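The exercises below are meant to be worked with the sequence and the coordinates side by side. Try each task before reading its solution.

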Amino acid sequence: RRFSAMCGSLVGTLLASSPVGMVAAQERPVAYAMLGRSPTPRHIHSIEILLDPLHEEASSPVVTALAASPEGRFIAAAGDDHGIRIVDLTNGETIRTITEHSDWIRSLVFASGGRQLFSAGDDGIVMSFAQGASRKGEQLLQVDFAIRTLALAPEQNLLAIAGFSKE
């Protein structure tokens, strides 16, 4: 599957959007960010991000979940190595790596202010990470099933999950 920002076509999976851009992932270990809204594809700028492995001997992880911050400055990219990387889209640099999940992360969502990130996945754990806080996240919930997706309604202080039993 390929993602081409130059021709404006997306043959892959669109995983996240923000008011100022879109983020897409594909089967290769690469994340692309399309920055800016434009009715003509030739005015869309893109950045290709290759996730760094958590360990030197490992290969680059495959992207399993993505979220774009509301202002479009950051993306959170989860890999099949159970790590989450926060990437600054102004320069493509990973500014934080989170390794608190024990299985694949399937869903990431930023709160509306962009200062908090929620994650969930096959380990049945929902985590919260605050920007600028200690490197340790807060475990909000643990269930006995794999969580496939998160949905956030910040105005109602609601975080919804959906998943499936491992049995």
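**Exercise 1.** Determine which residues Ile 84 touches, leaving out those up to four places away in sequence, and place Ile 84 in a nonpolar core.

*Solution.* Step one is to list the neighbours in this predicted model: Ile 84 touches Ala 76, Ala 77, Ala 78, Arg 96, Thr 97, Ile 98, His 101, Ile 105, Leu 108, Leu 117, Ser 119 and Phe 129, residues up to four places away in sequence not being counted. Step two is to look for the core, and Ile 84 belongs to the largest nonpolar one, which has 15 residues and in which Ala 76, Ala 78, Ile 84, Ile 86, Leu 108, Phe 110 and Leu 117 touch the most other members. Step three is to assign this core to elements: β7, β8, β9, β11 and β13 (125–130) each give two or more residues to it. Apart from this core lies another, of nine residues, including Ile 49, Val 63, Val 87 and Leu 89.

**Exercise 2.** Work out the strand order of the open four-stranded sheet, and explain why β7 and β10 each have one side without a neighbour in it.

*Solution.* The order is β7-β8-β9-β10, and the pairing is antiparallel. Because β7 (63–68) and β10 (93–98) stand at the edges, each has a single partner strand, and one side of each is left without a neighbour in the sheet. Neighbouring strands of this sheet are turned by 20° against each other on average, when direction is ignored. Within the sheet, strand β8 (residues 74–79) pairs with strand β9 (residues 84–88) over five bridges in the antiparallel sense, and Ala 76 stands opposite Ile 86 in β9.

**Exercise 3.** Locate Ser 60 and decide whether it is buried, partly exposed or exposed.

*Solution.* Ser 60 sits in the loop between β6 (45–50) and β7. Its relative accessible area is 26%, and since buried means under 20% and exposed over 50%, Ser 60 counts as partly exposed. The C-alpha atoms of Ser 60 and Asp 81, which are 21 residues apart along the chain, are separated by 8.9 Å.

**Exercise 4.** Judge where the coordinates call for caution, using pLDDT.

*Solution.* The protein averages a pLDDT of 75, and 69% of the residues score at least 70. Among its elements, strand β1 (residues 2–4) has the lowest mean, 25, whereas strand β11 (residues 105–110) has the highest, 95. Over residues 1–34 pLDDT stays under 50, although the model has 93 contacts beyond four places in sequence for them. Where pLDDT is low, the predicted coordinates should not be read in detail.

Notes. Residues numbered from 1 in each chain as written. Predicted model: local features only at pLDDT ≥ 70, side-chain atom pairs only at ≥ 80, totals over all residues. Heavy atoms only, no water. Pairing = 2+ DSSP bridges. Axes fitted to C-alpha atoms, helices over the stretch in contact; angles between N-to-C directions. Buried < 20%, exposed > 50% of the residue type's maximum accessible area, 1.4 Å probe, protein only. pLDDT = per-residue confidence, 0-100. Contact = heavy atoms within 4.5 Å. Core = buried A, V, L, I, M, F, W, Y, C linked by side-chain atoms within 4.5 Å.
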